[in-house]
Amino acid sequence: MTPAPSGPGSATRPTTSVRRSAELFDRARAVTPGGVNSPVRAFNAVGGTPRFVASAQGAWLTDADGNEYVDLVGSWGPMLLGHAHPEVVAAVQAAAARGTSYGTPTEGEVALVEEIIDRTPVERLRLVSSGTEATMSAIRLARGFTGRDVVVKFAGCYHGHLDALLASAGSGLTTFSIPGTPGVPASSTELTLVLPYNDRAAVEAAFAEHGDRIACLITEAAPGNMGVVPPEPGFNAFLADTCRRYGALFVSDEVMTGFRVSRSGQWGTDGAAEGWRPDLMTFGKVMGGGLPAAAFGGRADVMHHLAPEGPVYQAGTLSGNPLATAAGLATLRLATPEVYDHLAGVADVLRPAVSEALTAAGVPHVVQSTGSMFSVFLTDEPVRDFAGASRTDVAAYAAFFHAMLDRGVHLPPSAFEAWFVSAAHDDRAVQAVLDALPAAAQAAAAARPAEADQ
Ligand SMILES: *Cc1c(COP(=O)(O)O)cnc(C)c1O
C-alpha cells in the first residue's frame, strides 16, 4: 500500500481564526438555502460555522483560513484512499484531457462494471451518478419485475432523498407511512412500510399481512446513517429468506458499506459466510473515488427487465461519466487487502481511545462498528435501532465535536453519522486525534445535563 502523503503542518496547533469561513458562509447563505448544497454540512446539529475547505491532502483538510484538520468524514465515505491520492488524480487528469463526456459508451465504464462484478454477487450492473439515483432505480426495477407496488424499509436507514423512501412510520408497526418531509405527496409514501431495524417479529408481521403486495425490502447492508448500527447475526440472512418466501426482492443498499467495510462490502463480510445474497444491490460513495458515480445491479434475470433489454425505463445524460469512472476504477484497483488491513488497524486504535477518554470523563457511551466504520453514541445502552440511536445526548456530542474541531480534528457534524478513516491516516494523523480526545471528552462531560448523573 502506498498511502497518499499527509499534508504539512501540525494539528496540535489550536484553530486560530475562522474569519474567512464565516465570511464565505454569509455569502453562501445569501444565495443558497442554509449556505450549503446538502443539509448536514450546515452544522445545524452542532451549531457554529462550517469550515469552507480550500484543499485536502491525504488525511488532512485545509480550510479557507489556513487551519488544518485530520479528516474523519472523508466526504461522508468516498475517500477510502485519502484525499488527492496521486494515482487517482492522475487518472482523472488523463481522462479530462481526453474529453469530459461523450454520451456514448466507453471502455472505462466496462472496466469499472467488471471490477465491481468481480468483487460482489452482482451479475449485471448499471452505472448512475448518485446513490439516490441507484436506490430509486433499483426500486423501480423491483416494482417492474414483480408487478407489485409496496416497498418495505427500516426506520433510521437512509437510501437517498427519493420521495417514496422519505417516509416516517405511522403509529402501528405495519401501517403504511406518512411523508417524512413536506413536498412529498402522501401518495408517494402510502406504498412504503417502515419497520424498526433488527426486529424480526415486525418483519414477519408486515410480510404476513401484506406479503403478496410487497415488491421489495430495501435495507442498508449494515446501517451507518443513524450512526453505525450493525445487523444482529443472521438478520440479513433472515431478510433475504423472508423476501424469497413471499416472492419479493431483497435490495441491499451498499452505497455506504460497499468497498468500505471490506473489498466487497458488507456482503463480503458476512453475506458469503451467512449464506445470504441480495437480489439487487446499490453502490456509490467509494466506487466513485470522490467523483459522482453510483450503480445498481444484481440478478441477471431481474436486470434483464431494464431498458433497452426490457420495459423498465432508466437513463442518465452523465451516467458512466469518463472522469467518474476513471476515479472509481483507480480507487477500486488501489483498494487492496492491505488497505483494508490498514483501515482496520487505524479503527482499532481510535475506537478504544475514544472510549477510554469518555470513560475517564464519566460520559456514558457506546462505540459501535461495522468493519472500519464506527460511531460513538453518547448513551448507556447498545443501540440496535433508530429508537435507541435517538437516545444519544446530542448536546454533549455538539460540545465534544467542537472541542475536537478546535483541536484540529474534523468529525461528522452530527451525532448520527459514521466516522470514516482512510488509507492515508498515518501515525501522525492518528496521534493528532488521540491528543485531542481527553479535552473533548471533558467538554462533553461539562455539557451533560446536571440531572443525568442522578
Ligand atoms: C449516501 C447514501 C445514499 C445516497 O447517496 P447520494 O449519492 O448521497 O445520493 C443512499 N444509501 C446509503 C446507504 C447512503 O449511505
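Reader: How do the residues of the lining of the second largest pocket divide into nonpolar, polar and charged?

Author: Rolling a probe the size of a water molecule over the atoms shows where empty space is left. On a 1 Å grid over the protein atoms alone, points where a 1.4 Å probe fits but cannot get out form a cavity, whereas a pocket is an open set with protein on both sides within 12 Å along at least five of seven lines, and a lining residue has an atom within 4 Å of a point. In this structure the lining of the second largest pocket divides into 14 nonpolar, 11 polar and 5 charged residues, where Ala, Val, Leu, Ile, Met, Phe, Trp, Tyr, Cys and Pro count as nonpolar, Asp, Glu, Lys and Arg as charged, and the others, Gly among them, as polar. This is a predicted model, in which local features need pLDDT of at least 70 and side-chain atom pairs count only at pLDDT 80 or more, while totals for chains, interfaces and linings use all residues. Residues are numbered from 1 along each chain as its sequence is written, and side-chain values use heavy atoms, with hydrogens and water left out.

Reader: What volume does the second largest pocket have, and which residues lie nearest its centre?

Author: A volume is the space filled by probe spheres set on the grid points, which are joined across faces, edges and corners. Here the volume is about 680 Å³, and of the 30 lining residues, E109, L125, R126, L127 and P308 lie nearest the centre. Two or more lining residues come from each of α3 (107-119), β4 (124-128) and α9 (300-303), these names being DSSP runs numbered from the N terminus, with helices (H or I) of at least four residues and strands (E) of at least two. The most is given by β4, with 4 residues.

Reader: What kind of peptide bond joins A307 and P308, and where is F43, with its phi near 70 degrees?

Author: Most residues other than glycine have a negative phi, and most peptide bonds are trans. The bond between A307 and P308 is cis, with omega about 5 degrees, and P308 is found in the loop between α9 and α10 (322-334). The phi of F43 is positive although F43 is not a glycine, and F43 lies in the loop between α1 and β1. A second such residue is F259, with a positive phi of about 65 degrees, in the loop between β10 (249-253) and α8 (265-274).

Reader: How many aromatic pairs are there?

Author: Rings of Phe, Tyr and Trp (its six-membered ring) pair if their centres lie within 6.5 Å, and planes under 30 degrees apart count as stacked, over 60 as edge-to-face and the rest as tilted. By this rule there are 12 aromatic pairs. The planes of F43 and F401 stand at 85 degrees, with ring centres 5.2 Å apart, so this pair is edge-to-face. F43 and F401, the latter in helix α13 (residues 394-406), are 358 residues apart, and their pair links distant parts of the chain. F43 and F401 are both buried (under 20% relative accessible area with a 1.4 Å probe and protein chains only, whereas exposed is over 50% and partly exposed in between). F400 and W419 form a stacked pair, 6.3 Å centre to centre and with 25 degrees between the planes. F400 is buried at a relative accessible area of 3%, and W419 is buried at 1%.
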